[in-house]
Amino acid sequence: MSTADSTSRDLRLVEETIRFVRRTFGTDDPVPLHVPRFSPHEKQRVNEALDSTFVSTVGEFVGRVEDQLTATTASPFAVATSSGTSALHAALRVLGVEPGDEVITQPLSFVATANAIAYQHAHPVFLDVDRETLGLSVAALREFLSRQVEPGPGGPVNTATGRRVAACIPMHTFGFPADIDAITAACREYAVPIVEDAAESLGSFVGSRHTGTIGDLGALSFNGNKVITAGAGGAILAADGALAERARHLTTTAKRPHPWESDHDDVGYNYRMPNLNAALLSAQLDRLPAFLDAKRTLAVAYRAFFQERDLTFIWERPGTRANFWLMTLRLRDRAQRDQFLTTSNARGVMMRPAWRLLSELPMYRDCISDGTPNARWLADRLVNIPSSAIDLDPAA
Ligand SMILES: Cc1ncc(COP(=O)(O)O)c(C=O)c1O
């Protein structure tokens, strides 16, 4: 096919997609990528928090949210935090990451993943992702570990730099579970602790296990663009009670419990989720199953539409269940991607490319990287399309 033919075919495809999105969402107004949904249920909970006067980090809803999260994820412990970023940062600190250490992660992620490493004055090591899972590549991870990581007196050491490899942060991209069992197995062989960045994957499972519960610690986000929101908020998931306790202590300014004394025994953080945010989140958690159902219904409709047009709509892998947080097309090449982005955004149907790779950002450009060919390949092709939960329960 000539370039002119493929350009006009691409234009026709994006125009059909725009019409499909407008029909499905039932609107001629701008269609955003992802919007939160609130009902009288959320408003009532927030009012309860206001009436209680407990709007900051003390109050009944913070504990209630933690109970709801342990029930939703089957994680033995959950610690509610002020954001997903603070959850990631505190998790690294809990696992003992220190200044000068290295932390393995993927370049295809939101900037917070690498920022959390930088906050700890550690060095991100960017390894490639897998083209199918969009998450950290098991092959790239094994290649790095076997080539240059050896046991040392204080933990695994990168023999090329002499630095300790103190943790690994795989991420479940757009809510699609990474191959976390194989990643965990490789890291365990080399005694590298794991923080799962599950910021995007509340409601995503590997078999019957919730994402974020398979590594040593998991981090969730409840930012306004996620499946459910606290306005701003996050959580640390832990199977180990001592790690959870340490996370709770560090995220509450390392304050020693006492009815009136103000006594702190470490450099902690003001990272606790405020009660006002927790009130909103507790109502959203009640409605999580309805949101997930609505998103899956939308994903099924998109899948049928794109299949007919020979376009690759990313689907969950066998044995996993995705939350379909951000629904995603993998287009033919950068030219087709750019045609979709330019035309749809000009017509008020928001589409977005994957993030600029973290290893290309000015502050992380000089970090260790394995060249990340798959991440670069995907970044040229991925496009997120409108993904909000629609056709909800009557409460919506
Ligand atoms: C992969 C990933 N990690 C971390 C975060 C940080 O979460 P927050 O915005 O709640 O700080 C986000 C999203 O915002 C994310 O998408």
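# Getting to know the model

Biologist: G100 sits in the loop between α4 (84-94) and β2 (102-105). Is G100 buried, exposed or partly exposed?

Modeller: Please keep in mind that this is a predicted model. The relative accessible area of G100 is 30%. Buried would need a value under 20%, and exposed one over 50%. G100 falls in between, so it is partly exposed.

Biologist: Leaving aside its neighbours within four places in sequence, which residues is G100 in contact with?

Modeller: Start with the fold around G100: its C-alpha atom is separated by 9.7 Å from that of A166, although they are 66 residues apart along the chain. Once the neighbours within four places in sequence are set aside, the contacts of G100 are H121, A122, H123 and R163.

Biologist: Let's turn to the rings. What kind of aromatic pair do F176 and F324 form?

Modeller: A search of the whole structure finds twelve aromatic pairs. In the pair of F176 and F324, the centres are 5.7 Å apart and the planes make an angle of 90°. Planes over 60 degrees apart count as edge-to-face. The pair of F176 and F324 is therefore edge-to-face.

Biologist: How many residues apart are F176 and F324?

Modeller: F176 is in the loop between β6 (165-169) and α7 (180-189), whereas F324 is in the loop between β13 (320-321) and β14 (327-330). The pair thus links distant parts of the chain, and the separation of F176 and F324 in residues is 148.

Biologist: Is F324 buried or exposed?

Modeller: Its partner F176 has a relative accessible area of 4% and is buried. For F324 the relative accessible area is 0%. Because that is under the 20% cut-off, F324 is buried.

Biologist: And what kind of pair do the rings of F306 and F313 form?

Modeller: F306 counts as buried at 0% relative accessibility, and F313 counts as buried at 8%. Their ring centres are 5.8 Å apart, with the planes at 25°. Planes under 30 degrees apart count as stacked, so the pair of F306 and F313 is stacked.

Biologist: Which residues form one aromatic cluster?

Modeller: The four phenylalanines just discussed, F176, F306, F313 and F324, belong to it. The full membership of the cluster is F20, F176, Y302, F305, F306, F313, W315 and F324.

Biologist: Over the face of which residue does R303 lie?

Modeller: There is another example of a charge over a ring: the charged end of R131 sits over W377, 3.9 Å from the ring centre. R303 lies at 3.8 Å from a ring centre, and the ring belongs to W315.

Biologist: What about helix α1: which residues is T17 in contact with, leaving aside its neighbours within four places in sequence?

Modeller: T17 lies in helix α1, which spans residues 3-25. With a relative accessible area of 1%, T17 is buried. Apart from its neighbours within four places in sequence, T17 is in contact with F305, F306, F340 and M351.

Biologist: Which residues are linked in a network of salt bridges?

Modeller: Helix α1 helps here too, as E16 and R12 lie in it, four residues apart, about one turn of the helix. Their side chains meet in a salt bridge of 3.5 Å, N to O. E16 counts as buried at 18% relative accessibility, while R12 is partly exposed at 44%. The network that links these two with others consists of R12, E16, E308 and R309.

Biologist: How far apart are the closest N and O atoms of R147 and E143?

Modeller: R147 and E143 are four residues apart in helix α6 (residues 138-148), so about one helical turn separates them. R147 is partly exposed at 48%, and E143 is partly exposed at 42%. They form a salt bridge, with the closest N and O atoms apart by 2.7 Å.

Biologist: Finally, how many salt bridges does the rule find across the interface of domain 1 and domain 2?

Modeller: The domain assignment gives domain 1 (3-37 + 288-385) and domain 2 (40-286). In contact are 42 residues of domain 1 and 52 residues of domain 2. The area buried between the two domains is about 3900 Å², with carbon and sulfur atoms giving 65% of that area. The salt bridge count for the structure comes to 23, but across this interface the number found is zero.

How values were computed. Residues are numbered from 1 along each chain as its sequence is written. This is a predicted model: local features need pLDDT of at least 70, side-chain atom pairs count only at pLDDT 80 or more; totals for chains, interfaces and linings use all residues. Side-chain values use heavy atoms; hydrogens and water are left out. Rings of Phe, Tyr and Trp (its six-membered ring) pair if their centres lie within 6.5 Å; planes under 30 degrees apart count as stacked, over 60 as edge-to-face and the rest as tilted. Helices (H or I, at least four residues) and strands (E, at least two) are DSSP runs, numbered from the N terminus. Buried means under 20% relative accessible area, exposed over 50%, partly exposed in between (1.4 Å probe, protein chains only). A charge sits over a ring if NZ of Lys or CZ of Arg is within 6 Å of the ring centre and within 35 degrees of the ring normal. Domain bounds come from an automatic or database domain assignment. Contact means heavy atoms within 4.5 Å. Buried area is the accessible area (1.4 Å probe) that two parts lose on being put together, summed over both. A salt bridge is a side-chain nitrogen of Lys or Arg within 4 Å of a carboxyl oxygen of Asp or Glu.
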